[in-house]
Amino acid sequence: MGAQAILLVEDEILIRILVADLLRDAGYEVAEAASGEDGLRLLESGGDFDLLMTDIKMPGALDGLALATHWKNLFPGRPVLVSSGHLTADRMHPADELIVKPYSDARLLATVERLIGPPCQPRAPRLTA
Amino acid sequence: MPAKSAETYCVIVADSDVLIRNSLAEYLRACGYQVIEAASSDEVVTVARAGSHALGAILADIELPGTIGAFELRSWVRSQMVGVDVHLAGTVSKAAKAAGELCEEGPHLKRPYDPQSVVEFIKRLQARTSKPE
């Protein structure tokens, strides 16, 4: 079994870098998207991910919750983690888990691990589609 | 060109097309580089100003969107950041070639994929999403 792959969608680049580095250092594979549209394009291109982690408010026509709806259609049963400084737990459908900004590295890793498990061994390179 | 250390040498891949950006970044990571993905010139400037990474090179699409264009970005980087190479590429093939050259320079000696295979991979992804290059 290979390392779990995470699709990270975040429009603030410094946050995106920090979170992506943290998750990669922990052993997960991470694909980064700067908008909901970018995230959807990665999904439509055949990207296979174990977890969607997305911000809610992003520029463009597709916010995090709309992207999560597409995700649930493509990957029923695979979890969605939303990160937000505003959203409340009762308004986060179709997300499975909410992590409120600002959050600690330990809290994020614990949340991801609860959703998809601890990182496994790296996958073979994905450049074979 | 000085030897590059994976610990200290970071490459920014700047391209508005997420499929191209993601593929080139994955290629360079497999070569051993720390890679930052930027979707616009504004994101490149934000990262550069943050100063949190030891930037060694920027690989940017010649039509990179943002407040400043790719050529202006290159001038800005040259004026603000000594020793940072800026590679501008107008096509996927040229971007992959530039990434391949970075891989040949280090930090690892082996190249995981041929640059042409990266181009073909990106084109297959783009075909799936039915978006023009």
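**Notes on a predicted two-chain model**

1. Chain B first. Chain B contains five helices and four strands. The model is predicted, so read every point below as a statement about that prediction.

2. What order do the elements of chain B follow from the N terminus on? The run is β-α-β-α-β-α-β-α-α. Trace it along the chain in the viewer. A strand opens the series, and two helices in a row close it.

3. Next, burial. Chain B has 133 residues, and 47% of them count as buried.

4. Now the contacts inside chain B. Take those with a separation of 6 or more: 70% of them link residues 24 or more positions apart.

5. How many residues of chain B are in contact with chain A? The count is 22 on chain B, and they meet 17 residues of chain A. On chain B, at least two residues each come from α1 (18-30), β2 (34-38), α2 (41-50) and α5 (115-129). Which element gives the most to this side? It is α5(B), with seven residues.

6. Look at the kinds of residue on that side too. Of the residues of chain B that touch chain A, 13 are nonpolar, four are polar and five are charged.

7. Finally, a detail in chain A. The peptide bond between Lys101(A) and Pro102(A) is cis, with omega at about -10°. Where is Pro102(A) found? Pro102(A) lies in a loop of chain A, after β5 (97-100) and before α4 (105-116). Find that loop in the structure, then check the bond that joins Lys101(A) to Pro102(A).

Definitions and conventions: Residues are numbered from 1 along each chain as its sequence is written. Chains are lettered from A and ligands numbered from 1 in the order in which they are written. This is a predicted model: local features need pLDDT of at least 70, side-chain atom pairs count only at pLDDT 80 or more; totals for chains, interfaces and linings use all residues. A residue is buried if 20 or more other C-beta atoms lie within 10 Å of its own, exposed if 12 or fewer, and partly exposed in between; C-beta atoms are placed from the backbone. Two residues are in contact if their C-beta atoms, placed from the backbone, lie within 7 Å. Ala, Val, Leu, Ile, Met, Phe, Trp, Tyr, Cys and Pro count as nonpolar, Asp, Glu, Lys and Arg as charged, and the others, Gly among them, as polar.
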